[in-house]
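Could you walk me through this structure while I have it open in my viewer? I would like to know what to select at each stop and what I will find there.

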Amino acid sequence: MLKVENLTFSYNKTPVLKDISFKVEQGENLAVIGESGSGKSTLLNLLYGEFDLNKGHVFWKETEILGPKYNLVVGYDFMKYVSQEFDLMPFITVEENIGKHLSNFFPDEKKERTVELLEVVELTEFAKTKVKTLSGGQKQRVALARALAKQPEIVLLDEPFSHIDNFQKQSLRRNVYRYLKDKNITCIVATHDKEDVLGFADRMIVLNNNKIVVNDSPETLYKKPKTGLIASFFGEFNLISGEIIYAHQLKVVEKSSVKATVIQSYFKGHYYLIEANLDEQKVFFEHDTQLKNYQIVYLLIKKSTL
Ligand code: ADP
Ligand code: MG
């Protein structure tokens with residue numbers, strides 16, 4: 001289990017993280033979300049022992065994770081960290097990068113593990129390609145595979161799919177998160193993408209104003225978002241009489257006491273997102289078809305359609 005106790009940290013005078021505590025069980029997938037600059041990368045760095053804490057402790061099982069002041073070589077064998085800048089070895093091949101830290105005393109295992117991980121990150125056909133010729137997204141996938149090569153007990157992933165195009169993102173996510181679950185590897189993923197969370201994360205913590213504002217399952221937070229910040233992570237929403245109403249919970253009906261004027265329809269695939277004016281307030285709702293600008297519609301909140 002990873003245990004974070006009252007962690008406080010600042011790069012200079014102003015604290016980035018203040019009095020942070022949470023736990024992650026073995027094999028659990030925890031998402032760390034928050035706006036850009038909220039301290040997600042800083043937190044992962046601290047969990048890895050990259051910097052010294054101002055206050056608090058981090059433990060993995062019985063081992064206290066220590067910063068450079070107390071630990072000559074940063075990092076631990078049981079923990080791997082894939083940062084936003086992945087430092088690979090450019091002049092050797094993809095498979096050589098992945099196998100870099102695997103022992104040559106066990107060539108069969110090394111080969112097997114490399115083949116397995118090339119499949120997970122969908123780079124089998126690039127095995128013999130030199131890393132320097134790869135795209136950003138491909139490099140990111142090599143970095144992921146390399147981090148998993150030695151079967152760490154815990155991985156820290158910082159926006160792990162940010163460089164990967166939409167064509168491959170979905171299947172790659174499924175592969176990687178399934179692999180981690182299969183091997184019971186604890187995963188902490190910093191992200192601002194709800195697709196990294198829904199369907200994969202067991203819990204999520206939200207960082208805001210140097211603190212953890214919530215720590216719960218994605219399902220609970222989605223169904224009962226306590227703040228606009230949390231709701232906005234999941235999708236377009238409205239604040240109606242102080243209540244958070246997602247765009248898909250607002251329906252056009254034949255007649256109601258809520259009258260709105262359509263401003264614009266946005267094609268979203270299987271629905272249109274409609275922007276409308278309601279008593280000078282902007283509202284968003286989903287609709288099956290495009291609506292005409294300036295058209296009058298009547299709206300009703302249907303909260304059962306979560
Ligand atoms: P996130 O990953 O959520 O975008 P970061 O952890 O990168 O956020 O940054 C949190 C805050 O710490 C930001 O205000 C950022 O400017 C600051 N920060 C990040 N890295 C450094 C650094 N090496 N030195 C000083 N300030 C930093
Ligand atoms: Mg970051």
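## A tour, stop by stop

Start by selecting residues 2–234, where UniProt, in an unreviewed entry, places the feature "domain: ABC transporter". Keep in mind as you look around that this is a predicted model. The C-alpha atoms at the two ends of residues 2–234 are 27 Å apart, and the span is 31% helix and 26% strand.

**Strand 6 and its partner.** Now pick residues 79–82, which make up strand 6. Which residues lie on each side of this strand? Met79 and Tyr81 are on one side, Lys80 and Val82 on the other, and all of them are buried, so both faces are covered. In a regular strand, side chains alternate between the two faces of the sheet. Add residues 154–158 to your selection: this is strand 7, which pairs with strand 6 in the parallel sense over four bridges. To find one of the bridge partners, go from Lys80 to Val155 in strand 7.

**Aromatic rings.** Next, show the aromatic side chains; the structure holds twelve aromatic pairs. Zoom in on Tyr76 and Phe78: their ring centres are 5.3 Å apart and their planes meet at 25 degrees, so this pair is stacked. Tyr76 is buried, at 15% relative accessibility, and Phe78 is buried as well, with a relative accessible area of 15%.

For another arrangement, move to Phe161 and Tyr177, an edge-to-face pair with 5.8 Å from centre to centre and 80 degrees between the planes. Phe161 is in the loop between strand 7 and helix 5 (166–182), while Tyr177 is in helix 5, so the pair ties together parts 16 residues apart in sequence. Both count as buried: Phe161 at 1% relative accessibility and Tyr177 at 4%.

Then select Tyr222, Phe233, Phe234 and Tyr246, which form one aromatic cluster. Finish with the rings at Phe59, where the charged end of Lys3 sits over the ring, 5.9 Å from its centre.

**The nonpolar cores.** What is in the largest nonpolar core? It has 47 residues, and those with the most contacts inside it are Val94, Ile98, Val142, Leu157, Leu180 and Met204. Select helix 4 (residues 136–149) to see the largest share of this core, seven residues. Then centre on Met204: beyond its neighbours within four places in sequence, its contacts include Leu30, Ile33, Val214, Phe233 and Phe234.

Your last stop is a second, separate core of 29 residues, which includes Leu46, Trp60, Tyr76 and Phe78.

Notes. Residues numbered from 1 in each chain as written. Chains lettered and ligands numbered in written order. Predicted model: local features only at pLDDT ≥ 70, side-chain atom pairs only at ≥ 80, totals over all residues. Heavy atoms only, no water. UniProt positions renumbered as here; feature names shortened; annotations may be inferred. Buried < 20%, exposed > 50% of the residue type's maximum accessible area, 1.4 Å probe, protein only. Pairing = 2+ DSSP bridges. Phe/Tyr/Trp six-rings, centres within 6.5 Å; stacked < 30°, edge-to-face > 60°. Lys NZ or Arg CZ within 6 Å of the ring centre and 35° of its normal. Core = buried A, V, L, I, M, F, W, Y, C linked by side-chain atoms within 4.5 Å. Contact = heavy atoms within 4.5 Å.
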